[in-house]
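User: I'm new to this structure and would love a close look at one part of it. Could you pick a turn, start there, and then show me how the surroundings fit together?

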Amino acid sequence: MTLIRALDPDADAAAVRHLFDRAADYIDLETGEDPSDAHVADFFAPAPFATGPAETLKLGMFSGGRLDAIADLAFGFPETQDAFIGLLLIAADRRGHGLGHLFVDHMVDVARARHAPRLFIAVLEANPKARAFWEREGFVQVLKGPPTQMGRRTHVRYRMERKL
């Protein structure tokens, strides 16, 4: 059985850290670094544009009691009513099992319940598999951002949008 619930920075930090270790390939792709406690702290930090903790939801997907995926769903960006997925991270050994689709469906439901007209995601140009996933989920590119430093790597990010 799969359960999606809010994550607590104190109670769930160790599970989130373990998930980062299980998704070390993505952490390396994004930052050129190994997973660390700093990545956990960054995950639990509010989105830079959020006005408070209520504006950012840190969600975890559990299968059989094990944390297999996390997501960061924020509200108020790029426009006040919009929702933005700051991160969807799935353990490498659980990719390709439909968890991403289930998690996106859940976040779409949450965003619609908050009357968000649009849901956004930023996808790294260096991650074409992720871009293909988001396109299958109904997202379309609306912006190509400038090169941005992320850890030891520089990335171009594509902002993608799904109308709700």
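Analyst: Happy to! Let's begin at a hairpin: β2 and β3 form it, with 2 residues between the strands. In that turn sits Gly64, whose phi is positive, at about 60°. Please keep in mind that this is a predicted model.

From the turn, follow the two strands of the hairpin. β2 and β3 pair in the antiparallel sense, and 8 bridges hold the pairing. One pair to find on your screen is Gly60 with its bridge partner in β3, Ile70. As background, strands of a sheet pair through backbone hydrogen bonds, either parallel or antiparallel.

Now stay with β2, which covers residues 56–63. Is this strand enclosed or open? Of its 8 residues, 7 are buried, so the rest of the structure largely encloses β2. Buried here means under 20% relative accessible area.

β2 also pairs with β1, again in the antiparallel sense, over 5 bridges. Here you can look for Ala6, which stands opposite Leu59 in β2.

Next, move to the other strand of the hairpin. β3 spans residues 66–75 and is joined by 7 bridges to β4, residues 83–90, with the two strands running antiparallel. In this pairing, Ala69 stands opposite Ile90 in β4.

With these pieces in hand, the whole sheet is easier to read. It is an open sheet of 7 strands in the order β1-β2-β3-β4-β5-β9-β6, and its pairing is mixed. The edges belong to β1 (2–6) and β6 (140–144); each has a single partner strand, so one side of each is left without a neighbour in the sheet. On average, neighbouring strands of this sheet are turned by 30° against each other, direction ignored. In general, the side chains of a regular strand alternate between the two faces of the sheet.

Finally, let's step back to the protein as a whole. It has 5 helices and 9 strands, and along the sequence they follow the pattern β-α-α-α-β-β-β-α-β-α-β-β-β-β. For 164 residues, a compact globule would have a radius of gyration near 15 Å, and the protein agrees with that at 15 Å. Its C-alpha atoms fill a box of roughly 35 × 35 × 30 Å along the principal axes. Of the 164 residues, 45% count as buried. Among contacts with a separation of 6 or more, 62% come from residues 24 or more positions apart. The exposed area is about 8400 Å², with carbon and sulfur atoms supplying 54% of it.

Notes
Residues numbered from 1 in each chain as written. Predicted model: local features only at pLDDT ≥ 70, side-chain atom pairs only at ≥ 80, totals over all residues. Heavy atoms only, no water. Pairing = 2+ DSSP bridges. Helix = DSSP H or I, 4+ residues; strand = E, 2+ residues; numbered from the N terminus. Axes fitted to C-alpha atoms, helices over the stretch in contact; angles between N-to-C directions. Buried < 20%, exposed > 50% of the residue type's maximum accessible area, 1.4 Å probe, protein only. Rg over C-alpha atoms; globule rule 2.2 N^0.38 Å. Contact = heavy atoms within 4.5 Å. Areas by Shrake-Rupley, 256 points an atom, 1.4 Å probe, with all protein chains shown as cover.
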